[in-house]
Amino acid sequence: SRRKMNLKSERRGIHVDQSELLCKKGCGYYGNPAWQGFCSKCWREEYHKARQKQIQEDWELAERLQREEEEAYASSQSSQGAQSLTFSKFEEKKTNEKTRKVTTVKKFFTASSRAGAKKEIQEAKAPSPSIHRQASIETDRVSKEFIEFIRTYQKPGQDIYKQCKLFLDTMSHKRDLSIEEQSECAQDFYQNVADRLQTRWKVPPEKVEKAMDEVEKYIMTRQYKYVFCPETTDDEKKDLAVQKRIRALHWVTPQMLCVPVSEEIPEVSDMVVKAITGL
């Protein structure tokens, strides 16, 4: 019966070496898998070092990007001849105004003790960052991807592109409308394009749906400066509050939330980043 008990205990995994439970820094306290085997005190110390390094790297990157943007802005002022977005000339399009860039998803979730200082510098330069948002690298990339996508639709694609250009031009004259009214204009436009693809061009429903996803992404990216955090709303203030809250909770890991996700697996990590980007 004793042998039976031992086998049962082994099956249940009861025998755990005490040393495996202790903090791997050797302080004598118990460690936690969620803190990579450290106790809470040692984890804070270790994490603080890594965090300070990341903050320094983020700050240096931000300064470099700022310099590059100022240089790009200065050079663009000397060549104000803006070229239209056409199939053949798209590659020649230049960025006209300064822009703020987010280089990676994870930078957004990294705490920064110097965020306050950076914010004060930005506010000293301009009353509101949204004033200076215009055609960014992101806008150029999305525009290029959109053109490449609609080429696959051939003539219907050219029609889509033409309609989008007309809509963007029309909206440039409706800046005085409220956000709700601009939203209605956009929804009407999407519906009209979808109907046009189905009735005039006889495009299959699944292809229409895919095309409309791309149209919305293109239009909203091009309209970002005007419809996201406009001067007439306090959206920017709300966004900054959400960002502050996310930064405050950046130390929470999936393990702490009992989520069985191992970000050490490349495929899993990619999916997590994709989900974050989507949100």
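A salt bridge is taken here to be a side-chain nitrogen of Lys or Arg lying within 4 Å of a carboxyl oxygen of Asp or Glu. With that meaning in hand, the side chains of Lys 25 and Glu 46 can be said to meet in a salt bridge, with 3.4 Å from N to O. Because Lys 25 belongs to the loop between H2 and H3 while Glu 46 belongs to helix H3, this pair ties together parts that are 21 residues apart in sequence. Lys 25 counts as partly exposed at 41% relative accessibility, and Glu 46 is likewise partly exposed, with a relative accessible area of 26%.

The structure in which this pair sits is a predicted model. The chain has twelve helices and zero strands, and, read from the N terminus, its elements run α-α-α-α-α-α-α-α-α-α-α-α. Of its 279 residues, 26% count as buried, and the accessible surface of the chain comes to about 19700 Å², of which 54% belongs to carbon and sulfur atoms. Among the contacts between residues at least 6 apart in sequence, 66% join residues that are at least 24 apart.

The loop that holds Lys 25, between H2 and H3, is also the place of Tyr 30, where helix H2 covers residues 18-21 and helix H3 covers residues 40-77. Tyr 30 has a relative accessibility of 52%, and since exposed means over 50%, Tyr 30 counts as exposed. Together with Leu 21 and Leu 22, Tyr 30 forms a nonpolar patch on the surface, and these residues have about 280 Å² of accessible area together.

Further salt bridges appear along the chain, and a search of the whole structure finds ten of them. One is formed by Glu 145 and Lys 217, whose closest N and O atoms are 3.9 Å apart. Glu 145 lies in helix H6 and Lys 217 in helix H9, which spans residues 205-222, so this pair ties together parts that are 72 residues apart in sequence. Both partners are partly exposed, Glu 145 with a relative accessible area of 31% and Lys 217 with one of 38%. These two residues also take part in a network of salt bridges, in which Glu 138, Arg 141, Glu 145, Lys 210, Glu 214 and Lys 217 are linked. Elsewhere, the side chains of Lys 238 and Asp 234 meet in a salt bridge with 3.6 Å from N to O, and Asp 234 is partly exposed, with a relative accessible area of 41%.

Just ahead of helix H6, which covers residues 137-151, comes Ser 136, placed in the loop that follows helix H5 (115-125). Ser 136 has a relative accessible area of 10%, and because buried means under 20%, Ser 136 is buried. The C-alpha atoms of Ser 136 and Arg 222 are separated by 9.3 Å, although these two residues stand 86 residues apart along the chain.

The path ends with helix H12, made up of the 13 residues 266-278, which reaches 18 Å from its first C-alpha to its last, close to the 18 Å expected at 1.5 Å a residue. Of the 13 residues in H12, the number buried is one, and H12 therefore lies largely in the open.

Notes. Residues numbered from 1 in each chain as written. Predicted model: local features only at pLDDT ≥ 70, side-chain atom pairs only at ≥ 80, totals over all residues. Heavy atoms only, no water. Patch = residues over 30% accessible without salt bridge, like charges linked within 9 Å, V, L, I, M, F, W, Y side chains within 5 Å. Areas by Shrake-Rupley, 256 points an atom, 1.4 Å probe, with all protein chains shown as cover. Helix = DSSP H or I, 4+ residues; strand = E, 2+ residues; numbered from the N terminus. Buried < 20%, exposed > 50% of the residue type's maximum accessible area, 1.4 Å probe, protein only. Expected span 1.5 Å × (residues − 1). Contact = heavy atoms within 4.5 Å.
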